[in-house]
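This report was prepared for a reader who wishes to examine internal cavities, one strand and some backbone features of a protein model. The sequence and structure are shown first.

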Amino acid sequence: MFVDVRPTSRLRGAKALDVTTSLHPIFQALCEDTLDLSRLRMVCDWVQYRKNFREVIDVRAILPAGATLDGVVGTGATDDDIEVAIDLRRCADVALKDIAHAAIGQYHGSGSEPRVFLESWRPTTQSCIWEFNRLYWQALDLWEEATGQMYESALPGGSSDARNTEAVRELLRDLFAIWDQLAARNALPEELYVIELGVGNGNQAKTFLDEFLIVEAAQDRDYYRRLHYLMCDYSPHVLQLARKAVAAHSGHVSSFVLDATQPTTSLGFLKYKVFLIYVSNVYDNLPADEVARLGGRSYRVETRAYLPAAEARSIASDFSTDLKALPELIHKLLRLGPALLAEALPAHFGKASDAVEFWSRVWTGLRLTERYAPLVGLDLYRIAPSVSGEMLRPLLESGGDIRMHVNNGAVASFVDTLPLLHPYGRLLNHDLFVTDTHRYRTGFLGPGKYEGSVVNWINGPLLQHIGSRKGFDVQYQPFRHRKGTNIVTMTAQVRD
Amino acid sequence: MPGHAAAPQSLPYLPTTVVGSYSVPEWLDRLKTDYYQNRLSKQHLSEICDACIKAALKDQELTGIDVVSDGELRRDNDIDYLLARIPGIQVMSATKAYYYDYYETVVTNALPSHDTIALGLAEDFSFTRAHTDRPIKFSFTGPFSLSRRVRNDAYPNTADLVLALAEVLNAEAHRLAAAGATLMQIDEPFLAGYPDEVSVAIEAINVVTKGVDATWGLHVCYGNRYARPSWEGHYDFLFPAVIDANVDQLILEFARKGYDDLQLIQRFGWDRALGLGVIDVKTEDVETPDLIAARIRRALDVVPPERLIVNPDCGLRHLPADVARAKLKAMVEGTAAVRQELPRDEGAAPAAGGALHSVNGDTHGEMIDEATG
């Protein structure tokens, strides 16, 4: 049996985790069962997200090579065929042995309370959690109205780092230096394009444009006249707010509703023309798979969304439906959104806010069960439309077991954004980046729930590797303008 | 027949050709990287490249390309394949995280006598010659672009380094000609980034071609590193300096940038062949034969058919193989359509002195034999 304790930084100090006390009842439960303990691996995480998709204890199958997405587990040889995953943060003061027995029972299909599944097994990118995520951005106004919480105020620190004026001034000074250099060679285009993907409430755009005028005046330049600032966001509501924020610069600002994973569908006309592409807190919110290397074999994590029986019963009762009809009602919510759902089903939802309440309750209760499916031939796995799974090889084969994010949506956005950059252009991205693959061996990096959205840390080394293969130098450094933040600044620009 | 020199054959007007590199499959990327990380032997890599070159030649033959290349499939990139073979150029670290990365190189002393330096390109050509009966274009990076990737700690100025590298390439060109190469192309992918230095680049090109009995092409583009342009601008920087280049063909990028720069050919009286880029190699969208034909017709407004060659904008290395094949096929079909529109004696067979003729008017071996039948 293999035991992997990941949050090693929490094993020392005044509040050190007592792992042995946590594991003892779980071992007892395992020993009282018939599971093959010689083929079992146990992983202990510290799931820092208060709202997440995990149970305290999950038991996961590791499928042998040859098993298909919905196939029956075969009899092929594997080193391990079961993973027991434990959230150490929630192990204190609970009946761990009972919880472990219940988790093992769910694995055997003999649990006393069957879960209400919302989907079949699938790669995480195809899970309905991303439909919830999409719904959150599309119906953000209703969510905010119901919760009374604005998205930005829910961010750590209460505001986006995008508004940091010193960071923006530094950026502008760099940008002006490049433009000066090109102008001296008579190579500066007449139109100077800047793109922001994911505009939030427009404060970054406003800060950038306000500071632009200040820096331009200080340096006695005439670039504002030629500037085109393109605000792009998935949410029309967010874009509308952002437009109001930059009303004073309306002659220089255009806005686009677009999917951040494929910006060139709308912005292809700007290929090789954009000097700055600014992205903030977008990548962590895009669909992501996870892959793993266990015992020398590669796997993709497959998931299945469900509601625990108790939560499902409670929700069904409160919204006048039964357990069997609940999954369809949830999928109807995801298709229609809360406003239309309330109109379509007045017997269940008197008004839109009732449908938002339903949405919120389901979201809070939503869990993901997992299993590992063999990944045979990395080239057959598509990270993004133009990116082969071969890009994962150096990271997966860096030695030892590892489980990490693929951040498919972020990769798609990244590789579709790079062609927009002018040869002297730069992609600047503030987000939660993992900058060292070893971090995956020592921490839990998502998914978590953030308000109504999904959040994952981003696999920085993967983006670095893919960027390198496309001729870009990708660098990471901690966000320098606010102390104690997890935010990392990624910069990508043409190499050679 | 493999192992034998090409049989003489005639080339039509508007001969189709490639610029140099051919599609590099992902698995070859991986294997080459394995070699540079010491996980694959040189012997195995060489055998793999042999097979890939044969396949690339076959692809070009099947799509109907008139003048083929080895696809540069033996090379790690356009610079290092040459630089790393030049005694006196020091490579700081011979391993690479990715085979296509550039080495960091430095020259600390004047390069040794060029007569003693063989770069192995003649052997590469001979392999290609043995595996196709089509006319071959052999391309290599020019001295100016090579110099941009070397830290110069040896020569008083960059121009001296450029000329020294040109001497090395000239010696190699003589070896290539001796091995039977009759059409050689100098690539200068970095030149567009240094428009003020065209004159030294042209001076060096004339050193490379000096006394070499071959037809010479000069390819200048805006870069194709990782399928991206490295620079932007217009070809006006090339003129009039390029008129003094002792080359027979000027092979330029047009499809991606548009054809406005064709007027430069007319305005500055370029009187030799033009290699017209009709395929955008930076997009996987496959051009239609009609679009290719329209692009050729536009060029025919300023260049007569006997001086027009049809080719992609640049190398095809970043395109998937199926896309590369489809683009070449469209290029061949579009060209054929335009040939049909030429007066019969022009479309069928060129007169002596056609697009592949040497600038000096000498009888430069195979290409002229082929062109004149």
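The sections below treat the cavities, then a strand of chain A, and finally the backbone. The model is a predicted one.

**Cavities**

Rolling a probe the size of a water molecule over the atoms shows where empty space is left. When the whole structure is searched, six cavities of 30 Å³ or more are found. The two at the head of the list by volume are described here.

The largest cavity has a volume of about 410 Å³. Its lining consists of 31 residues, and those that lie nearest its centre are B:Asp78, B:Tyr100, B:Pro189, B:Asn224 and B:Cys314. Sorted by class, this lining comprises eleven nonpolar, eleven polar and nine charged residues.

The second largest cavity holds about 140 Å³ of space. Of the 13 residues lining the second largest cavity, A:Arg6, A:Glu290, A:Arg403, A:Gly443 and A:Phe444 are the closest to its centre. By class, the lining of this second cavity has four nonpolar, three polar and six charged residues. Which element gives the most to the lining of the second largest cavity? It is strand β16 (residues 402-405) of chain A, with three residues. The lining also draws on two domains of chain A: at least three residues come from each of domain 1 (2-148 + 287-405) and domain 2 (151-286 + 406-494).

**Strand β7 of chain A**

Strand β7 of chain A spans residues 192-197 and is mostly covered, six of its six residues being buried. In a regular strand the side chains alternate between the two faces of the sheet. In β7(A), one side carries A:Leu192, A:Val194 and A:Glu196, the other carries A:Tyr193, A:Ile195 and A:Leu197, and all of these are buried. The charged residue A:Glu196 is thus listed among the buried positions.

Two strands of chain A pair with β7(A). Strand β8 (residues 227-233) runs parallel to β7(A) and is joined to it by six bridges; within this pairing, A:Glu196 stands opposite A:Met231. Strand β10 (residues 274-280) also runs parallel to β7(A), with five bridges between them, and here A:Val194 stands opposite A:Leu276. Together with helix α6 (residues 203-219) of chain A, β7(A) and β8(A) make a right-handed β-α-β unit.

**Backbone features**

Cis peptide bonds occur in both chains, as the table shows.

| Cis peptide bond | Omega | Place of the proline |
|---|---|---|
| A:Gly446 to A:Pro447 | about 5° | loop between β18 (433-434) and β19 (448-450) of chain A |
| B:Phe239 to B:Pro240 | near 0° | loop between β6 (215-220) and β7 (249-252) of chain B |

Two residues that are not glycines have a positive phi. The phi of A:Asn407 is about 50°, and this residue is found in the loop between β16 and α13 (408-417) of chain A. The phi of B:Leu14 is about 55°, and B:Leu14 lies in the segment before α1 (26-36) of chain B.

Are these two residues buried or exposed? A residue counts as buried when its relative accessible area is under 20%. A:Asn407 has a relative accessible area of 2%, and is therefore buried. B:Leu14, with a relative accessible area of 0%, is buried as well.

Definitions and conventions
Residues are numbered from 1 along each chain as its sequence is written. Chains are lettered from A and ligands numbered from 1 in the order in which they are written. This is a predicted model: local features need pLDDT of at least 70, side-chain atom pairs count only at pLDDT 80 or more; totals for chains, interfaces and linings use all residues. Side-chain values use heavy atoms; hydrogens and water are left out. On a 1 Å grid over the protein atoms alone, a cavity is a set of points where a 1.4 Å probe fits but cannot get out, and a pocket is an open set with protein on both sides within 12 Å along at least five of seven lines; lining residues have an atom within 4 Å of a point. Grid points are joined across faces, edges and corners, and a volume is the space filled by probe spheres set on the points. Ala, Val, Leu, Ile, Met, Phe, Trp, Tyr, Cys and Pro count as nonpolar, Asp, Glu, Lys and Arg as charged, and the others, Gly among them, as polar. Helices (H or I, at least four residues) and strands (E, at least two) are DSSP runs, numbered from the N terminus. Domain bounds come from an automatic or database domain assignment. Buried means under 20% relative accessible area, exposed over 50%, partly exposed in between (1.4 Å probe, protein chains only). Two strands pair if DSSP finds at least two bridges between them. A crossover is right-handed if, with the strands pointing away from the viewer, the path from the first strand over the helix to the second runs clockwise.
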